[in-house]
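Reader: I'd like to learn how to read a few features of this model, one at a time. Can we go through it together?

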Amino acid sequence: MRARHVTRHAAAAVTAALALTALAVPTAGAAGSAAPGALARCGENDVTVRAEPSDDNADILKLSVRNDSSKACLVDRVPTVTYGELDGAALPLPTVPHAGRALAAHDTAYAAVLSVSDPEDAKDEAPAVMYVTIAAIPDHQGRSFQALTLGSPTGVRVWEPVTTLWQPSASHAQQVLEKETTGRGTLAV
């Protein structure tokens, strides 16, 4: 990530964590809408987070979160994606405040992450990290994925990363990523 953006990314991560502690109204999701406070946050052991490389672009990761519990619960509507020991997290596209997203029992939501959002600027300066950590809720520890398993044996390049919100399908997450990054010269699929 660019040094000048590290403070912004760190501030966004702190804001996300604080906002999530005040979840009250879940957004319409797989479990539908619910009354304020009706759903509890998903426990870290209640969800399975996955990441895999995109077939189309080495700088895109496909994410999923599955609610393994027997009842609906809340995850954040934005996955928390951090890179190695770098400060900050991928910024959500579209930019929205963090809030809850209802996830029905045994249901899965999907997101897509673009790790290098400006390949021209990143050409000579993008650092590479050996792991990426994904969490469904900012204060969860999350799950780390080694660069090798993400299709990047020499490290995952990162430069101003962006992520979609959780979506109902993997294809919808990809469409949202394309829509949000098109015109910025960032997505060549």
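Reader: Let's start with a single residue: where in the chain's fold does His106 sit?

Author: His106 is in the loop between S6 and S7. Strands here are DSSP runs of E with at least two residues, helices are runs of H or I with at least four, and both are numbered from the N terminus. Before we go on: this is a predicted model, where local features need pLDDT of at least 70 and side-chain atom pairs count only at pLDDT 80 or more, while totals for chains, interfaces and linings use all residues. Residues are numbered from 1 along each chain as its sequence is written, and side-chain values use heavy atoms, with hydrogens and water left out.

Reader: What is the phi of His106, and is the residue buried or exposed?

Author: Most residues other than glycine have a negative phi, and most peptide bonds are trans. His106 has a positive phi of about 65° and is not a glycine. With 56% relative accessibility, His106 counts as exposed; the cut-offs are under 20% relative accessible area for buried, over 50% for exposed and partly exposed in between, using a 1.4 Å probe and protein chains only.

Reader: Which value does phi take at Glu160, and where does that residue lie?

Author: Glu160 also isn't a glycine, and its phi is positive, near 45°. Look for Glu160 in the loop between strand S11 (156-157) and S12. At 14% relative accessibility, Glu160 is on the buried side of the cut-off.

Reader: And the peptide bonds: which residues does the cis one join?

Author: That's Leu93 and Pro94, with omega at about 0°. Pro94 belongs to the loop between strand S5 (91-93) and strand S6 (100-103).

Reader: Now disulfides. How many does the structure hold, and which residues are involved?

Author: A disulfide is a covalent bond between the sulfur atoms of two cysteines. The structure holds 1, taking a pair of cysteine sulfur atoms within 2.5 Å as the rule. Cys42 is joined to Cys73, with S to S at 1.9 Å. Distant parts of the chain are linked this way: Cys42 is in the loop between helix H1 (3-20) and strand S1 (47-53), Cys73 is in strand S3 (residues 73-76), and they are 31 residues apart.

Reader: Why is this disulfide called right-handed?

Author: Because the torsion about the S-S bond of Cys42 and Cys73 is about 90°. Cys42 is buried at a relative accessible area of 2%, and Cys73 is buried as well, at 5%.

Reader: On to strands. In what order do S4, S9 and S10 come in their sheet?

Author: Strands of a sheet pair through backbone hydrogen bonds, either parallel or antiparallel. Here the 3 strands form an open sheet ordered S4-S9-S10, with antiparallel pairing; two strands count as paired if DSSP finds at least two bridges between them. Strand S4 (80-83) and strand S10 (143-146) are the edges, each pairing on one side only. Strand S9 (residues 131-135) and S10 share 4 antiparallel bridges, and Thr133 stands opposite Ser144 in S10.

Reader: What about S7: which strands does it pair with?

Author: S7 runs antiparallel to S2, joined by 7 bridges, and Ser64 faces Tyr110 in S7. S7 also pairs with strand S12 (residues 162-164), antiparallel, over 2 bridges; there, Val113 is opposite Thr163 in S12. S7 is largely enclosed by the rest of the structure, because 6 of its 7 residues are buried.

Reader: Last feature: how many cavities of 30 Å³ or more are there?

Author: Rolling a probe the size of a water molecule over the atoms shows where empty space is left. The count is 2, where a cavity is a set of points on a 1 Å grid over the protein atoms alone at which a 1.4 Å probe fits but cannot get out, and lining residues have an atom within 4 Å of a point. The largest cavity holds about 40 Å³; grid points are joined across faces, edges and corners, and a volume is the space filled by probe spheres set on the points.

Reader: Which elements give two or more residues to the lining of the largest cavity?

Author: The lining residues include Lys62, Tyr110 and Gln174. Strand S2 (60-67), strand S7 (108-114) and helix H3 (170-181) each give two or more. The second largest cavity is about 30 Å³, and among the residues lining it are Asp59, Ser115 and Val156.

Note on methods
1 Å grid on protein atoms, 1.4 Å probe; cavity = no way out; pocket = protein on both sides within 12 Å on 5 of 7 lines; lining within 4 Å.
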